[in-house]
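Student: I've got a model open and I'd like to check the labels people put on it. Can we go through them one at a time?

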Amino acid sequence: LELDQQQQLLQQKLAEVQKNKEALFQLEAEIHELKEQQEELEQELTEIKEEMERLSQEIHQAEEKIRQVEDQIKQQERELHGIKADLERAEKELKAAQLELSQAQEKLEKEEKQKEQAEVNLERAQVELDKVDIELKELEQELREVASLIEDAQRNRADAERRREVAAARVQEAQQKMRMKEEAR
């Protein structure tokens, strides 16, 4: 009965190990997915930074154009109306570029927050993975101890059976000798 209980305990431990291994595989899959998300976010971040640099150049060009228009106003008062129109166009371009830059900055901040969140999630998943790994090692150690106890019990049972067989043979031999003595009488 004790051996059966130990075998049941062994089966329970095996089931628990299997369950923990499945949880481990799931956590590893989640970590892989989070790493992929992180790489995508970093790619988007690079693209946004490149876009910001391009927009900054456009702003610089627009500002340069405004300065040129202002110089033309001083030099050519006769073309004042045309120059004012150019200036207005340049100012509109500047505002549009600044608006695009502002939107790109908002997008960049959002992407950075998402990246930070992904890193936090990754760290949490790693902590969980470490915990499961420790539990798995403890269970495997317990499993080895239970298996050793079962082996000991099986050896003890085999020894007891051998001793019982020897004792039965001796009893049979003694009974045979007694019969022989009785017959001799």
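Tutor: Sure, and keep in mind that this is a predicted model. Let's begin with Lys13, which has 14% relative accessibility and counts as buried.

Student: Why is Lys13 called buried?

Tutor: The label buried needs under 20% relative accessible area. Lys13 comes in at 14%, so buried it is.

Student: What makes Glu142 and Lys13 a salt bridge?

Tutor: Their closest N and O atoms are 2.2 Å apart. The cut-off is a Lys or Arg side-chain nitrogen within 4 Å of an Asp or Glu carboxyl oxygen, so the pair qualifies. Glu142 sits in helix α2 (residues 80-184) and Lys13 in helix α1, so this bridge ties together parts 129 residues apart in sequence.

Student: And how do you know that Glu142 is partly exposed?

Tutor: Partly exposed is what falls between the 20% and 50% limits. Glu142 has a relative accessible area of 32%, so that's its class.

Student: What makes Glu64 and Arg67 a salt bridge?

Tutor: Same test: N to O is 2.5 Å, set against a limit of 4 Å, so they pass. These two are three residues apart in helix α1, which means about one helical turn separates them. Glu64, at 34% relative accessibility, is partly exposed, and Arg67 is partly exposed with 39%.

Student: How do you know that Asp152 forms a salt bridge with Arg155?

Tutor: The closest N and O atoms are 2.4 Å apart, and the rule asks for within 4 Å. Asp152 and Arg155 lie three residues apart in helix α2, so about one helical turn lies between them. The structure holds 11 salt bridges, and Glu51, Arg54 and Glu58 are linked in a network of them.

Student: Why does Gln38 count as buried, while Glu39 counts as exposed?

Tutor: Gln38 is at 16% relative accessibility, and buried means under 20%, so Gln38 fits. Glu39 is at 55%, and exposed means over 50%, so Glu39 gets that label. Gln38 is found in helix α1, and so is Glu39.

Student: What does Gln38 touch, leaving out residues up to four places away in sequence?

Tutor: Glu119 and Leu122.

Student: What makes Glu39 eligible for a patch of negative charge on the surface?

Tutor: Patch members need over 30% relative accessible area and no salt bridge. Glu39 has 55%, so the area condition is met. Its patch also includes Glu36, Glu40 and Glu44, and Glu counts as negative.

Notes:
Residues are numbered from 1 along each chain as its sequence is written. This is a predicted model: local features need pLDDT of at least 70, side-chain atom pairs count only at pLDDT 80 or more; totals for chains, interfaces and linings use all residues. Side-chain values use heavy atoms; hydrogens and water are left out. Patches are made of residues with over 30% relative accessible area and no salt bridge: like charges are joined within 9 Å, nonpolar side chains (Val, Leu, Ile, Met, Phe, Trp, Tyr) within 5 Å. Accessible areas come from the Shrake-Rupley method with a 1.4 Å probe; for residues, only the protein chains shown count as cover. The place of a charge is taken as NZ of Lys, CZ of Arg, CG of Asp or CD of Glu. Helices (H or I, at least four residues) and strands (E, at least two) are DSSP runs, numbered from the N terminus. Buried means under 20% relative accessible area, exposed over 50%, partly exposed in between (1.4 Å probe, protein chains only). Contact means heavy atoms within 4.5 Å.
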